[in-house]
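User: Please take me through how the chains of this model are arranged and packed. I will ask about one point at a time.

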Amino acid sequence: MQKTLAELAAKINAEIKGDSHCIITGVSTLQSAEKGHLSFLSNAKYRQYLSATKASAVILTKDCVGDCPVNALIVEDPYYAYSQLAKEFIQLKKASPGIHSTAVIGNHCKIDPSASIAAHVVIDDNVIIEAHSQIGSGCVIGEGCHIGKDSHLWANVTLYHGVKLGNQVIVHSGVVIGADGFGIAQHQGKWHKIPQLGAVIIEDDVEIGANTTIDRGAIDNTVIETGVKLDNQIQVGHNVRIGAHTVIAGCAGISGSTHIGKHCMVGGGAGFGGHLKIADHSIVIGMSMVTSSIKEAGIYSSGTGLMKHREWLKNVARFRHLDKIIRQLQGK
Amino acid sequence: MQKTLAELAAKINAEIKGDSHCIITGVSTLQSAEKGHLSFLSNAKYRQYLSATKASAVILTKDCVGDCPVNALIVEDPYYAYSQLAKEFIQLKKASPGIHSTAVIGNHCKIDPSASIAAHVVIDDNVIIEAHSQIGSGCVIGEGCHIGKDSHLWANVTLYHGVKLGNQVIVHSGVVIGADGFGIAQHQGKWHKIPQLGAVIIEDDVEIGANTTIDRGAIDNTVIETGVKLDNQIQVGHNVRIGAHTVIAGCAGISGSTHIGKHCMVGGGAGFGGHLKIADHSIVIGMSMVTSSIKEAGIYSSGTGLMKHREWLKNVARFRHLDKIIRQLQGK
Amino acid sequence: MQKTLAELAAKINAEIKGDSHCIITGVSTLQSAEKGHLSFLSNAKYRQYLSATKASAVILTKDCVGDCPVNALIVEDPYYAYSQLAKEFIQLKKASPGIHSTAVIGNHCKIDPSASIAAHVVIDDNVIIEAHSQIGSGCVIGEGCHIGKDSHLWANVTLYHGVKLGNQVIVHSGVVIGADGFGIAQHQGKWHKIPQLGAVIIEDDVEIGANTTIDRGAIDNTVIETGVKLDNQIQVGHNVRIGAHTVIAGCAGISGSTHIGKHCMVGGGAGFGGHLKIADHSIVIGMSMVTSSIKEAGIYSSGTGLMKHREWLKNVARFRHLDKIIRQLQGK
């Protein structure tokens with residue numbers, strides 16, 4: 001796999017500074033790059049590594065080009081440009097079409113001949129899998145699921161019955177989609193299960209990180225709209241709706257019936273109470289505790305920030321009585 | 001599947017207002033309901049949808065009946081009543097009894113002929129599975145496990161050796177029960193594994209959500225008492241005991257040897273330190289950080305609530321020096 | 001399985017107080033111990049149970065020996081000493097060497113004849129598994145993985161392509177190693193996937209708890225150094241490095257490119273932002289929110305501690321305006 005800098009520049013409409021015939025054979029970080037590597041500078045934290053890089057070329061913005069000791073591809077958005085070029089250097093083996101002899105397939109399934117069903121997969125009745133989709137080893141697909149085109153379930157994914165996935169959906173290992181939501185009703189001191197009768201709809205171009213769980217709806221469906229990107233170990237409760245092009249980092253939890261708007265960004269470990277509405281374009285900082293709806297776009301946070309434990313103990317002791325102390329100080 | 005309103009009312013001892021011959025064919029939310037649907041009103045947030053509902057009937061309390069434009073089933077607890085009626089409309093295929101030809105079964109197992117063992121299940125030696133229990137595809141059951149009657153393991157559940165499940169236990173996909181607890185001892189700068197010799201006991205009527213993990217005891221057992229309901233992605237450390245009829249929402253974490261009382265309610269993402277005792281009937285709000293025992297029932301919280309990031313930064317800067325500032329203000 | 005107290009004392013260089021011929025048949029806690037059991041006292045919380053223990057012998061420190069009603073093994077570090085002796089009483093069946101007939105093995109793999117590959121395992125091409133390693137039922141091992149000697153993958157573990165595990169590595173069920181990191185670039189309102197081209201390197205003597213996820217590097221590798229112990233449900237982002245002999249408790253999350261030093265201790269549920277550096281020997285208390293680098297070793301915390309909900313509401317209302325209130329009180 002090798003490309004000239006000119007060929008690569010053409011793909012991303014970059015201006016070349018330096019030798020356009022330079023041969024690129026792979027990608028690397030500024031720090032680790034060797035001869036033949038293409039690198040990029042996007043996060044200012046890494047600018048310190050630019051002057052000493054051994055890359056053959058670096059993708060960067062115009063204002064950094066003066067500090068670049070090697071060939072440069074000048075673009076407005078180096079990270080996006082890198083994302084487009086890095087694809088050229090992937091050498092992942094493509095799964096071959098067809099159904100592995102150890103897979104167990106139910107009745108009345110429609111599996112496109114171009115789809116790939118790996119070893120020890122179990123597919124229940126009435127499942128549809130469209131063209132070029134790949135189902136990794138050990139996946140279990142429940143009755144009546146529908147998987148669109150060009151989607152990829154990595155190994156050991158579980159879909160319960162009636163889950164619908166769109167096209168170009170990527171689901172990583174250990175993900176569980178369509179398990180029962182946490183619907184329980186208390187009666188005479190015991191908790192009784194509420195049947196979970198809805199389904200899960202995952203629209204196109206969604207990616208779901210490893211070990212994330214998305215529960216089926218209680219009555220209506222749980223819906224993940226187009227272009228949403230979910231990181232690992234996220235919990236999505238029943239009847240949640242996540243708006244198009246929203247991204248959520250790892251370990252976040254979204255309680256039942258909360259609707260997150262479109263184009264939101266949610267940091268890792270953030271938690272949302274149930275039955276909330278979060279405005280489009282909201283940004284929620286990692287580990288925030290969201291207990292009421294967010295009505296206008298903005299950046300939201302909670303928590304106290306990190307401090308030395310000894311200081312923290314003293315401050316927390318004050319926080320514990322904050323209202324009382326302030327009333328005393330105010331002479332009220 | 002269709003029932004008259006009179007038939008349904010009889011099951012939940014409801015008073016009918018309207019046409020008792022009305023035919024019900026399914027359940028739905030107030031907002032999504034169509035002709036033939038039964039809905040319910042339980043959470044006051046949804047009362048706004050009552051007047052425009054297209055449901056054929058609504059389960060509600062006496063005080064809401066005046067606003068209900070359609071037939072009504074009047075009860076004291078609409079959510080519980082709904083939970084009882086919704087069961088009538090489930091159309092889940094029941095797994096057929098017997099052992100799938102691809103399942104691998106160890107020696108000296110006692111599997112009741114009415115139990116269902118799905119494809120690609122692996123069961124180690126000396127396992128007992130009682131009547132009418134279902135083991136989903138891809139489950140792995142360790143040596144000497146015992147699963148009671150009418151229990152249901154969904155696909156891809158893992159039980160380590162010696163785990164005991166009672167009757168009517170539901171375990172969702174991706175759950176791991178009986179992995180080694182986090183027992184390590186430091187010696188000369190290295191950490192040494194403490195053998196984890198206990199087991200896990202899950203009593204009757206427990207439900208365990210997707211990707212939850214429950215570690216085996218270090219010496220004694222980890223115990224989940226009868227009627228406990230655990231949501232998804234909960235971590236239960238070694239030698240934890242969770243008291244009967246306690247419910248815990250998603251992403252909570254309970255460190256080793258902590259005992260949570262009976263009839264407690266724990267919100268999502270709450271974290272418990274190790275070796276604590278939590279009183280019966282305690283309520284812990286989501287994302288709380290529980291670092292000491294709770295000696296009397298009550299409602300407990302921690303954290304700071306959500307605010308605009310710019311405000312938060314200023315407030316946190318003060319929190320960082322809260323003790324010092326208060327001492328200055330107090331003139332001490 | 002039975003040993004005399006003298007035999008056991010010899011293994012840990014303990015001083016015996018009492019009957020060195022006493023027969024030990026198992027281990028137990030102080031509270032649950034019966035005749036024949038060896039127990040230990042390490043955590044001061046459990047000293048209250050010493051005087052009534054029915055154990056035949058207790059491992060403890062010199063200063064506790066006066067309160068011990070039974071035989072004693074006197075050592076400096078009872079917990080470590082217990083960890084060494086407990087191994088003697090494990091009765092876990094060792095998996096037999098060889099490849100189960102239902103396992104699916106790719107081309108060009110080198111699997112040592114002493115290794116054990118359990119039922120329904122799937123191993124892709126070019127995988128190396130060294131001597132005495134065990135691969136549990138349902139594991140899926142991606143192309144080109146390399147697993148060292150004496151390592152143990154429990155059931156239903158997933159390794160993506162190109163993951164390297166050292167010797168004596170333990171990986172618990174549900175773990176996913178090598179899934180794509182959360183690398184996305186925004187362009188014209190949509191998010192585009194950054195190909196994740198790095199791998200994951202797990203060095204020797206690492207243990208990884210159930211359902212933990214460790215993402216592959218974006219370009220360079222994600223690295224878990226020797227002797228690291230990770231609890232359950234931890235999320236490790238791409239290009240994270242965790243230094244040797246660091247331990248991390250359950251449900252912690254580490255964002256991409258953060259480097260945690262050697263010999264650190266991280267509490268459960270702690271969260272780390274991305275691109276941080278955490279000094280060697282740092283201690284981060286559970287549920288802390290780490291948003292900037294830690295430059296010197298110490299103990300660090302955040303959060304507010306738990307309080308009665310009614311008090312909390314009042315204090316949080318003050319926190320929400322803390323900066324403003326303090327400025328008013330200071331007359332500024």
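## Packing and symmetry

Analyst: In this predicted model, the buried residues of α2(C) are P78(C), Y80(C), A81(C), Y82(C), S83(C), L85(C) and A86(C).

User: How many of the residues of helix α2 of chain C are buried?

Analyst: Helix α2 of chain C spans residues 78–86. The helix is largely enclosed by the rest of the structure, because most of its positions are buried: 7 of the 9 residues.

User: Which elements do the buried residues of α2(C) pack against?

Analyst: Two chains contribute to this packing. Chain B supplies β22 (184–187) and β23 (190–193). From chain C itself come α1 (5–12), β4 (26–27), β5 (37–40) and β6 (57–60).

User: Are the faces of β6(C) covered or not, and by which residues is this shown?

Analyst: On one side of β6(C), A57(C) and I59(C) are buried. On the other side, V58(C) and L60(C) are buried. Both faces of β6(C) are therefore covered, as shown by A57(C), I59(C), V58(C) and L60(C).

User: Which strands pair with β6(C), and in what sense?

Analyst: β5(C) is joined to β6(C) by 3 bridges, with F40(C) opposite I59(C). Strand β7 (residues 71–74) of chain C is paired with β6(C) over 4 bridges, and here A57(C) stands opposite N71(C). The partners are thus β5(C), which runs parallel to β6(C), and β7(C), also paired in the parallel sense.

User: Which strands stand at the edges of the open sheet of 12 strands?

Analyst: The order in this sheet is β40(A)-β39(C)-β37(C)-β34(C)-β31(C)-β28(C)-β25(C)-β20(C)-β17(C)-β14(C)-β11(C)-β8(C), with mixed pairing. Each edge strand has a single partner, so one side of each is left without a neighbour in the sheet. The edge strands are β40 of chain A and β8 (98–99) of chain C.

User: Which residue stands opposite H152(C) in β20(C)?

Analyst: Strand β17 (residues 152–153) of chain C runs parallel to strand β20 (residues 170–171) of chain C, and 2 bridges join them. Opposite H152(C) in β20(C) stands I170(C).

User: Which residue of β39(C) does M307(A) stand opposite?

Analyst: Strand β40 (residues 307–308) of chain A pairs with β39(C) in the antiparallel sense, over 2 bridges. In this pairing M307(A) stands opposite S301(C).

User: How many residues does each chain give to the contact between chain C and chain A, and how do those of chain C divide by class?

Analyst: The contact takes 57 residues from chain C and 59 residues from chain A. On the chain C side, the elements giving two or more residues are β22 (184–187), β23 (190–193), β38 (289–290), β39 (299–301), α3 (309–319) and α4 (322–329). By class, the residues on that side are 22 nonpolar, 27 polar and 8 charged.

User: What turn lays chain C on chain A, and what axis relates the two copies?

Analyst: Chain C is laid on chain A with an RMSD of 0.1 Å by a turn of 120 degrees. The shift along the axis is 0.0 Å. The two copies are thus related as by a three-fold rotation axis.

User: Which residue of chain C comes closest to the rotation axis?

Analyst: The distance is taken at the C-alpha and comes to 3.4 Å. The residue of chain C that comes closest to the axis is G303(C).

User: Where around helix α3 of chain A do the buried residues lie?

Analyst: The buried residues of helix α3 (residues 309–319) of chain A are W312(A), N315(A), V316(A) and F319(A). Seen down the axis of α3(A), they fall within an arc of 100 degrees, so they line one face of the helix.

User: What do the buried residues of α3(A) pack against?

Analyst: Elements of chains A, B and C take part. Chain A gives β40 and α4 (322–329), and chain B gives α3 (309–319) and α4 (322–329). From chain C come β39 and α3.

User: Is W154(A) buried or exposed?

Analyst: W154(A) lies in the loop between β17 (152–153) and β18 (158–159) of chain A. Not counting residues up to four places away in sequence, W154(A) touches G136(A), V171(A), H172(A), S173(A) and A179(C). With 28 C-beta neighbours inside 10 Å, W154(A) counts as buried.

Definitions and conventions:
Residues are numbered from 1 along each chain as its sequence is written. Chains are lettered from A and ligands numbered from 1 in the order in which they are written. This is a predicted model: local features need pLDDT of at least 70, side-chain atom pairs count only at pLDDT 80 or more; totals for chains, interfaces and linings use all residues. Two residues are in contact if their C-beta atoms, placed from the backbone, lie within 7 Å. Ala, Val, Leu, Ile, Met, Phe, Trp, Tyr, Cys and Pro count as nonpolar, Asp, Glu, Lys and Arg as charged, and the others, Gly among them, as polar. Two strands pair if DSSP finds at least two bridges between them. Copies are superposed by least squares on the C-alpha atoms of residues with pLDDT of at least 70 in both. A residue is buried if 20 or more other C-beta atoms lie within 10 Å of its own, exposed if 12 or fewer, and partly exposed in between; C-beta atoms are placed from the backbone. The arc is that of the directions from the helix axis to the C-beta atoms.
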